[in-house]
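Here are my notes on the model you sent round. Please read them with the structure open.

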Amino acid sequence: MDNVAKAIVLGVKETGRHLNYNPVLIVELLIYAEDSSAFKTSVELTVPRVSVPKMGDKWLVKYNTTKKDEIEIL
């Protein structure tokens, strides 16, 4: 995973699970790839309660060009 791209949070869903009192969420992302294309994917994250992402948040991510559902939040 060496391709860095910008991502926008499209939505956040609760899984109902917690890890050390922090919610486990499914975050839907729209990723703008280096080749000017865009694709949607989702990632399951455990986040602190004070840092729950919101729709419209912008993140930097790394993604795998051959398997675009493999991403890493930077």
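**Notes on the predicted model**

1. Start at isoleucine 8. Its relative accessible area is 24%, so isoleucine 8 counts as partly exposed. The cut-off for buried is under 20%. This is a predicted model, so please read every value below as computed from it.

2. Where does isoleucine 8 sit? Isoleucine 8 belongs to strand β1. Beyond the neighbours within four places in sequence, isoleucine 8 is in contact with Glu28, Leu29, Leu30 and Tyr32. Gly56, Asp57 and Lys58 complete that set of contacts. Tyrosine 32 is 24 residues away along the chain, yet the two C-alpha atoms are separated by 8.5 Å.

3. Now the sheet. Five strands form an open sheet with antiparallel pairing. What is the strand order? The order reads β3-β2-β1-β4-β5. The edges are β3 and β5 (71-73). Each has a single partner strand, so one side of each lacks a neighbour in the sheet. From one strand to the next, the twist averages 40°.

4. Look at the β1 and β2 pairing. The two strands run antiparallel and share 10 bridges. Valine 12 stands opposite valine 27, a residue of β2.

5. How many salt bridges are there? The count is three. Some background helps here: side chains of opposite charge can pair when their charged atoms come close.

6. One salt bridge joins glutamate 28 and lysine 13, with the closest N and O atoms 3.2 Å apart. Glutamate 28 is in strand β2 (residues 22-32) and lysine 13 in strand β1 (residues 3-19), so this pair ties together parts 15 residues apart in sequence. Both ends are partly exposed: glutamate 28 has a relative accessible area of 28%, and lysine 13 is at 46%. Glutamate 28 is also among the contacts of isoleucine 8.

7. Another salt bridge connects arginine 17 with glutamate 44, at 2.8 Å from N to O. Arginine 17 lies in strand β1 and glutamate 44 in strand β3 (residues 38-46), so the pair links parts 27 residues apart in sequence. Arginine 17 is partly exposed at 41% relative accessible area. Glutamate 44 is partly exposed as well, at 47%.

8. A further salt bridge is formed by the side chains of glutamate 70 and lysine 67, 3.6 Å from N to O. Is glutamate 70 buried or exposed? Neither: at 31% relative accessibility, glutamate 70 counts as partly exposed. Lysine 67 is partly exposed too, with a relative accessible area of 44%.

9. Which rings pair? The structure holds one aromatic pair. Phenylalanine 39 and tyrosine 63 meet edge-to-face, with 5.5 Å centre to centre and 65° between the planes. The pair links distant parts of the chain, 24 residues apart: phenylalanine 39 is in strand β3 and tyrosine 63 in strand β4 (residues 58-63).

10. Check the accessibility of the two rings. Phenylalanine 39 counts as buried, at 11% relative accessibility. Tyrosine 63 counts as buried at 3%. The cut-off explains both calls, because buried means under 20% relative accessible area.

Terms used:
Residues are numbered from 1 along each chain as its sequence is written. This is a predicted model: local features need pLDDT of at least 70, side-chain atom pairs count only at pLDDT 80 or more; totals for chains, interfaces and linings use all residues. Side-chain values use heavy atoms; hydrogens and water are left out. A salt bridge is a side-chain nitrogen of Lys or Arg within 4 Å of a carboxyl oxygen of Asp or Glu. Helices (H or I, at least four residues) and strands (E, at least two) are DSSP runs, numbered from the N terminus. Buried means under 20% relative accessible area, exposed over 50%, partly exposed in between (1.4 Å probe, protein chains only). Rings of Phe, Tyr and Trp (its six-membered ring) pair if their centres lie within 6.5 Å; planes under 30 degrees apart count as stacked, over 60 as edge-to-face and the rest as tilted. Two strands pair if DSSP finds at least two bridges between them. Axes are lines fitted to C-alpha atoms, for helices over the stretch in contact, and angles run from 0 to 180 degrees between N-to-C directions. Contact means heavy atoms within 4.5 Å.
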